[in-house]
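User: I am new to this structure and should like to learn how its features are read. Please guide me through them in turn.

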Amino acid sequence: MTSTGRSTNQSTRDRNLFKDTIWLGGMHDGYPQVPFSEYRKARITDEIKSDSRKHAALMQSHLTFGLLESVMRIRVPESVLLRKEDGDRVVVTSDNLHQLLRDWQYRIREAGNTDYSQQWAENVQTTLTKAKRLLSLELYAGCISLARLPQDDFDMILFQLASIGEALTEGSHTFPASIPPRPGISWSFVVGALGLYRIQMEEAGWCPYLIRIMSERVCTLTYASTQRPFLRGGLNMHSHCTRETCAANNINSDHYTNPHTTSACGCAYNHPPFFDVAELLSRGHIPVVQWNEAHHNFVVGTSSDTPYVAISHVWADGLGSTTEKGLPMCQINALVLVTQRFISNGAFWIDSLCVPEVRDLRKRAISLMSKTYRDAQVVLVLDSGIRSCSVSAPREEKLLRVLSSGWMQRLWTLQEALLAKKLVFLFCDGTVTIDDLLPTRRDFDVMDTLLISLAAEVFRLMKYRRYSFSMDDGFTIADVTTCLRHRTTSKAEDETLAISGLLNVNTAELVNLAPQQRMKSLLLAVGRIPREIIFLTGKKLSDFGFSWAPSTLMGHFTFFGFEANANATPTGLHAEYAAIYFKVTMVDAQRTIRLLLPEKKTHLDVNHDSDPFECNAVLLSGPVASWEFVQGVAVLVTGSDASGSGGSGGDRLVCKYQKYFILSPQGLDKEGLTGKEILRIQAKSGIMRVRLV
């Protein structure tokens, strides 16, 4: 075992995929290269079996060198990844991992679209799946956990192994697109189970909610843990935040103030002429403002006559206001100065000056919001966290500042970004377009795992502009729900108004409805939606025919189908599902319902811990499998729908939505394990055409 002898400065080290991690001493060199499943068999001895630390060392080597060699189909000597430090301590480092990945991806491309490539891709998928299963066992009862290592060492090793798995998973996308698609493999389960970085980052001031967001990618969280957070309000900025929400971005309108650009400034407020703004809004026009320096006042024009910059910001940064109140003059001067970089006359739109407080006029402005951002020459993002970073900072640091910004977490800013012709971010010393911010073609060619990971959420903001030629119907419910999973708002009633423009639904049809009626109306206006929408968790609508419908599309992490294969109607959701059906059964918290499926030679268990309900069928998110958890929705079939009996599909069964839950696969709830009585029910499986009410 030798040192790589490679010196690495701190900036490069921070860029690595995982932090230097203790190597437990597993011997890799000196053995023949074997398939992944044979790696430990080729090295196991009675001495290793009897020594828990040596057994753990073999597992670390298996999931490091064994995985790399099997996936890459090359020899990887210890000297490539191991480095000896002072005191004979040996660590595994990712210093050379990027080069290994680049070489591997080059060989994939050299192989081309051949039978060999297809077989290689299938082998990679199988090997990564096996590796993930082995690593998931290590969280609780595997070789490494049984070695009783110090908790920090244990956590670091699992992060190291997951980081390699994640990098290989990203790299596997280099195989030709014509090769059948491979199901995604996520390695972030180690992040949720271990508190290593979470505790360190919270102590450094990072928001718990933001840590949860970044935990979706192992390398993103690892990189973020090496960086300091932006703290608008000092070290206690996130002291009231939780894993569910960032309280620092919510505002209290009763105590809201606009800060001046410097603490010493005490300049007066200014605002556009209210009558001019109101008159344009009343006629259905978008007002834009220009500052007339000679007369020291605002001139109000219409967006159809004046090219303009639309400002996208979060009120928590202090730029919130209304037409009537306006903004401090120092803030206005700053806005004019930055917009003149793009429009010579400095014409711009910002809600703080162009949206009145008067209720009817405010509704008109909201109805025009999607058009406002769609028609702007430039949408300029102003966020204090992003502005804490320099344009000359490394690309990964700029991406992290955008990803961790308040702007990326707020509801209204989603459409402002998605609809932009040109989206630009203001940094402390210049501006950067989203095109220049995102990884380059070369970064994608070499599958730079960290950059691609950091850019994943930001890249979604490009979809409308890049693919608008094929998106005549706008975004889908699935697109919007995916984009909304990390976004929040201080005003829940604004949700449908903020996303209707993305779904090509007229906001004016929603703005005058009572807030509790808006989601139903939005879904009806969209019409065709993914049938998987019923598996979204959380509160449902109470309207008849919509007990399956989520009350919000924000905050969902459930996989969501992208095919619009169900139809929302005033009397219910029309769709087809894989299903299990059985006699009417009462489900309660006192017992486990075991659904026996003889034709599948398996069973699924239903555990429920709240109010009892009756059901006689379970609609499934996928086919029944004896080894997988599956999402289910319990329903009560109350009859058949004669109007839906035409065609070859048979009758459409009328089903009352009862409860969402996860069904446990066979063998995971043995008698006595939960302490509940087990009620065995004979069941059958098939396809059900339903009208879900």
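Analyst: The discussion below takes up aromatic pairs, a sheet, cysteines and salt bridges. This is a predicted model, in which local features need pLDDT of at least 70, side-chain atom pairs count only at pLDDT 80 or more, and totals for chains, interfaces and linings use all residues. Residues are numbered from 1 along each chain as its sequence is written, and side-chain values use heavy atoms, with hydrogens and water left out.

User: How many aromatic pairs does a search of the whole structure find?

Analyst: A pair of aromatic rings is described by the distance of the centres and the angle of the planes. Rings of Phe, Tyr and Trp (its six-membered ring) pair if their centres lie within 6.5 Å; planes under 30 degrees apart count as stacked, over 60 as edge-to-face and the rest as tilted. The search of the whole structure finds ten such pairs. One of them is edge-to-face: Trp 349 and Tyr 373, at 5.5 Å centre to centre with 75° between the planes. Both Trp 349 and Tyr 373 are buried (under 20% relative accessible area; exposed is over 50%, partly exposed in between, with a 1.4 Å probe and protein chains only).

User: What is the order of strands in the open sheet?

Analyst: Strands of a sheet pair through backbone hydrogen bonds, either parallel or antiparallel. Strands (E, at least two residues) and helices (H or I, at least four) are DSSP runs, numbered from the N terminus, and two strands pair if DSSP finds at least two bridges between them. Here the order is S1-S3-S2, with antiparallel pairing. Strands S1 (21–22) and S2 (82–84) are the edge strands. Ile 22 stands opposite Val 91 in S3.

User: Why is Cys 241 not bonded to Cys 246?

Analyst: A disulfide is a pair of cysteine sulfur atoms within 2.5 Å. The sulfur of Cys 241 lies 3.8 Å from that of Cys 246, its closest cysteine sulfur, and this is too far for a bond. By this rule the count is zero disulfides.

User: Which side chain meets Glu 170 in a salt bridge?

Analyst: Side chains of opposite charge can pair when their charged atoms come close. A salt bridge is a side-chain nitrogen of Lys or Arg within 4 Å of a carboxyl oxygen of Asp or Glu. The partner of Glu 170 is Arg 217, at 2.7 Å, N to O. This pair links distant parts of the chain, 47 residues apart. Glu 170 is buried, at 10% relative accessibility, whereas Arg 217 is partly exposed, at 26%.
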